[in-house]
Amino acid sequence: FMAKSLDQINKEKPLLTIHFDYDKYFIREDAKPVLEANAAWLKKFKTARILIEGHCDERGTEDYNLALGDKRAKSTLDYLVSLGISGDRIKTLSYGKSQPLDMGHDEVAWQKNRRAQFLVIEK
């Protein structure tokens, strides 16, 4: 881990993305085991610091989606803290609807875009 660059670490995607329901920011049941695995990784690499990016689908205004993305990132942070990860190791950032994973304009694309994804920012 320490021998790798941050770029290499992030390309390997050690921390998995979670997804959200439309217009919601609560942690879904299917996201809980993903966050438990992410917390286990963070407990293994105790010096790692991460950024949680909150993302939304294209529907709604930019301001609304920036606020919703922020709530998604913060609820993800809170869940990791509840699993024993120190909040001072985590930063959050909302991209709103500005960085879609899928450029489609249908429910399949929107589901992929409603997410919190993780970036290791310090090892």
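1. **Charges.** Let's begin with the charged groups of this predicted model. The protein has 21 positive and 19 negative charges. If you take the mean position of each set, the two points are 6 Å apart.

2. **Overall build.** Try tracing the chain in the viewer. You should be able to find four helices and four strands. Going along the sequence, they follow the pattern α-β-α-β-α-β-α-β.

3. **Dimensions.** How does the radius of gyration of the protein agree with that of a compact globule? For 123 residues, such a globule would have a value near 14 Å, and the protein has 14 Å, so the two agree. The C-alpha trace spans about 40 × 30 × 25 Å along its principal axes.

4. **Surface and interior.** The accessible surface of the protein is about 6,800 Å², and carbon and sulfur atoms hold 57% of that area. As for the interior, 40% of the 123 residues count as buried.

5. **Contacts along the chain.** Consider the contacts between residues with a separation of 6 or more. Of these, 78% are made by residues 24 or more positions apart. Keep this in mind when you look at the two residues picked out below, Ile18 and Gly104.

6. **The core.** Which residues touch the most other members of the largest nonpolar core? They are Ile18, Trp41, Ile50, Ile52 and Leu80, in a core of 24 residues. Two or more core residues come from each of helix 2 (32-44), strand 2 (49-55), helix 3 (62-82) and strand 4 (115-122). Helix 2 gives the largest share, with five residues.

7. **A look at Ile18.** Ile18 is a good core residue to click on. Setting aside neighbours within four places in sequence, its contacts include Ile27, Ala31, Val34 and Leu35. Further along the numbering, Ile18 is also in contact with Thr76, Arg114, Arg115 and Ala116.

8. **A look at Gly104.** Where does Gly104 lie? You will find this glycine in the loop between strand 3 (90-96) and helix 4 (107-113). Is Gly104 buried, partly exposed or exposed? Its relative accessibility is 24%, and because buried means under 20% and exposed over 50%, Gly104 counts as partly exposed.

9. **The partners of Gly104.** Leaving out neighbours within four places in sequence, Gly104 is in contact with Glu58, Ala109 and Trp110. Glu58 is worth finding in the viewer: Gly104 and Glu58 are 46 residues apart along the chain, and their C-alpha atoms are separated by 9.5 Å.

Terms used:
Residues are numbered from 1 along each chain as its sequence is written. This is a predicted model: local features need pLDDT of at least 70, side-chain atom pairs count only at pLDDT 80 or more; totals for chains, interfaces and linings use all residues. Side-chain values use heavy atoms; hydrogens and water are left out. A nonpolar core is a set of buried Ala, Val, Leu, Ile, Met, Phe, Trp, Tyr and Cys residues joined through side-chain atoms within 4.5 Å. Buried means under 20% relative accessible area, exposed over 50%, partly exposed in between (1.4 Å probe, protein chains only). Contact means heavy atoms within 4.5 Å. The radius of gyration is taken over C-alpha atoms; the globule rule is 2.2 Å times the number of residues to the power 0.38. Accessible areas come from the Shrake-Rupley method with a 1.4 Å probe; for residues, only the protein chains shown count as cover. Lys and Arg count as positive and Asp and Glu as negative; His and the chain ends are not counted. The place of a charge is taken as NZ of Lys, CZ of Arg, CG of Asp or CD of Glu.
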